[in-house]
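Welcome, and thank you for taking a look at this structure. Please have the sequence and the 3D view side by side as you read.

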Amino acid sequence: MNQFIITFDLSNATSADYTRAREELERLGFTPFTPNGTNMLPDTTYVGTIHNVDAATLRDNARDRFAARGLKTSAMFVAGVDGWAAIGKRLRAA
């Protein structure tokens, strides 16, 4: 499975902390948009197509990157997905 979804919460975080978290997730290959780029995902939810890795490894990588930037993760969920459907703020037509 190559497509993953990740969602998280930070403890005692500022908006700048969430910006740093987003930057780290983007470095790992995640985006805050649906795979076809037409809709935004809910806040702190990201999706990415990442090869040769499992969900636990992605979780650990994200947690370690957050910690390296001084961010305290209070919750994180990572799952492999094989299909998706979304509603939300539309960015463009499919």
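We will go from the sheet to the helices, then to two residues, and end at a pocket.

Please keep in mind that this is a predicted model. A good place to begin is the sheet. Four strands form an open sheet in the order β2-β3-β1-β4, and their pairing is antiparallel. At the edges of this sheet you will find β2, residues 30-31, and β4, each of which pairs on one side only. If you follow β4 to its partner β1, you can trace eight bridges between these two antiparallel strands.

Now add the helices. Helix α1 packs on the sheet, where it touches β1, β2 and β3. The direction of α1 makes about 160° with that of β1. Helix α2, made of residues 55-68, also packs on the sheet, and its contacts there are with β1, β2 and β4. Between the direction of α2 and that of β4 the angle is about 145°.

With the framework in view, let us zoom in on a residue of β1. Strand β1 covers residues 3-10, and Gln 3 belongs to it. Across from Gln 3, in β4, stands Val 81. Is Gln 3 buried or exposed? Its relative accessible area is 18%, and because buried means under 20%, Gln 3 counts as buried. Looking beyond residues up to four places away in sequence, Gln 3 touches Pro 35, Val 47, Gly 48, Thr 49, Ala 79, Gly 80, Val 81 and Trp 84.

Next, move to β4, which spans residues 73-81 and includes Ser 74. Here the relative accessible area is 46%, so Ser 74 is partly exposed, a class that lies between 20% and 50%. Once neighbours within four places in sequence are set aside, Ser 74 is in contact with Asp 9, Leu 10 and Ser 11. Ser 74 and Ser 11 are 63 residues apart along the chain, yet 5.5 Å separates their C-alpha atoms.

Our last stop is the largest pocket, with a volume of about 190 Å³. Its lining has 13 residues, and those closest to the centre are Arg 22, Pro 32, Asp 43, Thr 44 and Tyr 46. Two elements, α1 (15-28) and β3 (45-49), give two or more residues each to this lining. Which element gives the most to the lining? That is α1, with four residues. Sorted by class, the lining of the largest pocket holds seven nonpolar, four polar and two charged residues.

Technical notes
Residues are numbered from 1 along each chain as its sequence is written. This is a predicted model: local features need pLDDT of at least 70, side-chain atom pairs count only at pLDDT 80 or more; totals for chains, interfaces and linings use all residues. Side-chain values use heavy atoms; hydrogens and water are left out. On a 1 Å grid over the protein atoms alone, a cavity is a set of points where a 1.4 Å probe fits but cannot get out, and a pocket is an open set with protein on both sides within 12 Å along at least five of seven lines; lining residues have an atom within 4 Å of a point. Grid points are joined across faces, edges and corners, and a volume is the space filled by probe spheres set on the points. Ala, Val, Leu, Ile, Met, Phe, Trp, Tyr, Cys and Pro count as nonpolar, Asp, Glu, Lys and Arg as charged, and the others, Gly among them, as polar. Buried means under 20% relative accessible area, exposed over 50%, partly exposed in between (1.4 Å probe, protein chains only). Contact means heavy atoms within 4.5 Å. Two strands pair if DSSP finds at least two bridges between them. Axes are lines fitted to C-alpha atoms, for helices over the stretch in contact, and angles run from 0 to 180 degrees between N-to-C directions.
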